[in-house]
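The following exercises concern the geometry of a two-chain model. Please work through each task before reading its solution.

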Amino acid sequence: MKMTVDPTVCAGNGVCHELVPELIALDEWGFPILGTGASDRTAVEVPRAIATHAKRAASACPKLALKVK
Amino acid sequence: MTSPQYASEIRAPGKHRLLLAGSGSSLRSHEVLHGPVTRYPTARRGHVGHFIAPIEDSGLRGRGGGWFAAGTKMRAVAESAAARRKAPVVVANGMEGEPRSHKDAVLLQRSPHLVLDGIALAAATVGATATYLAIHEGSPVYRTVATAISERRNAGVDPVPVELVVLPPRYVASQESALVQGVMGQVAIPAWGKRPFEQGSFGRPSLVQNVETLAHMALISRHGADWFRAAGTRDAPGTTLVTVGGAVQAPGVVEVDTGTTVSEIVSRAGGASSRVQAFLTGGYGGAFASASFADARWSPELVASAGGVVGAGVLVAIPASACGLLETSQIVTWMAAESAGQCGPCRFGLSAIATDFELLAAGQADPHLIDRLHSRLGVIPGRGACRHPDGVVRLAASALTVFAADVGMHLRGHCNRSAT
């Protein structure tokens, strides 16, 4: 399962970070950083153990920028 | 038939190919020099035209900045089109959004038909039913290119006539996913998650190639892959255009074999006009490199291993009299303003580092500025719809290293150089 954020849609509400801090950090401007990859930090693999939280975060995103597939 | 003189000149080592003297911008002068324009038969739907073979064998890599294998890209578009049962589109990128690059304009001005030949070849190879050539508003080559296109239309040489598209002159409009949107009349800003070779203009698989790449393709189809490989390095063969600027006697565009040393490229531009302290390589989204970079060889991998970026072929000599931090501050400020403003890290991050550099260059840095700047440079990349922020971060980070001594001076409130 993979979580992605469309950075052109994201408005930096930060709800995702509240719900899955394990996967999503916020920068100083309030925009999400997914995982720790160097070249692409708009996508991260979701561990099975927190899949429910990840899905909840995706459905709570006010801009629907966050997707879990 | 071409002249014996042409045959010897086009094969001479270390000579011009794209910028061969006497090419002229008219269809007639073009055909007199390079021989008649080939009427390429369009590939059958769902197939790749056989003209792809010499392009793949030549090892030609894209000259727009990415240096991606041109043949591989064409094959990907043709295969994507077959899988989707959609006719592809060819978009020739002559936008040249990088302010320090002039190679595309020089090429289009001197040999527009070489580029248009390449578009015809690419279109036939992937089976495209629409072709576009994109330049920016205010481009100095508009008239030349428009004339060349109508000449070919009147002569009926291309099965798929090229349509000229003029787009706003913004930096990010040159980016592939932005360009395919611009071509279809939408705002030319980068898109996230849509790959042009799958879903480009009008939802059709789109082949986006830089105009220099297309011109090389036109020559490869005339002279063969072995001819192409006779110049340049094994990994990035051929000649390439470099825009040389800054502290050189004769700034302008030169054509060199890949693998040529930076010092040789500088002497091709008349030599240095004053002592050179560093180089700006690859343009505003590239990297600064120290003076020892003069020994580096000009190919993507060799330049990268020497701390530079070839990108779209930009080499600027920074004179010892210039303040590298002030230069960086001006570039980063400009690039921040060129952000499309779609992605948070680019919109807010670039202006934040622009402010940091402005304070640093002015000798007004607070004690935390350097730490804050490093942390910002670490946080921004890899998070946008395009690589615009990544390029700016790379340039800014390289400035802190290459101009490290100046950073120390500025933190103590001094600068002993003046701006260029």
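**Exercise 1. Determine which strands helix 2 of chain A lies across, and at what angle it runs to strand 5 of chain A.**

Solution. Helix 2 of chain A comprises residues 51-60 and lies across strand 1 and strand 5 of chain A. Its direction makes about 145° with strand 5 of chain A. Helices (H or I, at least four residues) and strands (E, at least two) are DSSP runs, numbered from the N terminus. Axes are lines fitted to C-alpha atoms, for helices over the stretch in contact, and angles run from 0 to 180 degrees between N-to-C directions. Contact requires that the C-beta atoms of two residues, placed from the backbone, lie within 7 Å.

The model is predicted: local features need pLDDT of at least 70 and side-chain atom pairs count only at pLDDT 80 or more, whereas totals for chains, interfaces and linings use all residues. Residues are numbered from 1 along each chain as its sequence is written, and chains are lettered from A and ligands numbered from 1 in the order in which they are written.

**Exercise 2. State the strand order of the open sheet of 3 strands in chain A and identify its edges.**

Solution. Step 1: the order is 4-1-5, with antiparallel pairing. Two strands pair if DSSP finds at least two bridges between them. Step 2: strand 4 (43-45) and strand 5 (66-68) of chain A are the edge strands, each pairing on one side only. Step 3: from one strand to the next, the twist averages 15°. Step 4: strand 1 (residues 2-5) of chain A is joined to strand 5 of chain A by 3 bridges, and Thr4(A) stands opposite Lys67(A).

**Exercise 3. Give the order of the open sheet of 5 strands in chain B, and explain why one side of each edge strand lacks a neighbour.**

Solution. Step 1: the order reads 6-5-9-7-8, and the pairing is mixed. Step 2: strand 6 (252-257) and strand 8 (287-290) of chain B each have a single partner strand, so one side of each is left without a neighbour in the sheet. Step 3: neighbouring strands are turned by 30° against each other on average, direction ignored. Step 4: strand 7 (residues 276-281) and strand 9 (residues 314-319) of chain B pair in the antiparallel sense over 5 bridges; Thr281(B) has Leu315(B) as its bridge partner in strand 9 of chain B.

**Exercise 4. Check whether the length of helix 14 of chain B agrees with its expected span, and describe its surroundings.**

Solution. Step 1: the expected span of a helix is 1.5 Å times one less than its number of residues. For the 18 residues of helix 14 of chain B this should be 26 Å, and the end C-alpha atoms are 25 Å apart, which agrees. Step 2: 14 of the 18 residues of helix 14 of chain B are buried. A residue is buried if 20 or more other C-beta atoms lie within 10 Å of its own, exposed if 12 or fewer, and partly exposed in between, with C-beta atoms placed from the backbone. Step 3: Gly363(B), which follows the helix, has a positive phi near 70°.

**Exercise 5. Count the residues that each chain brings to the contact between chain A and chain B.**

Solution. Step 1: chain B supplies 13 residues and chain A supplies 15 residues. Step 2: on the side of chain B, the largest share, 4 residues, comes from helix 14 (residues 344-361) of chain B.
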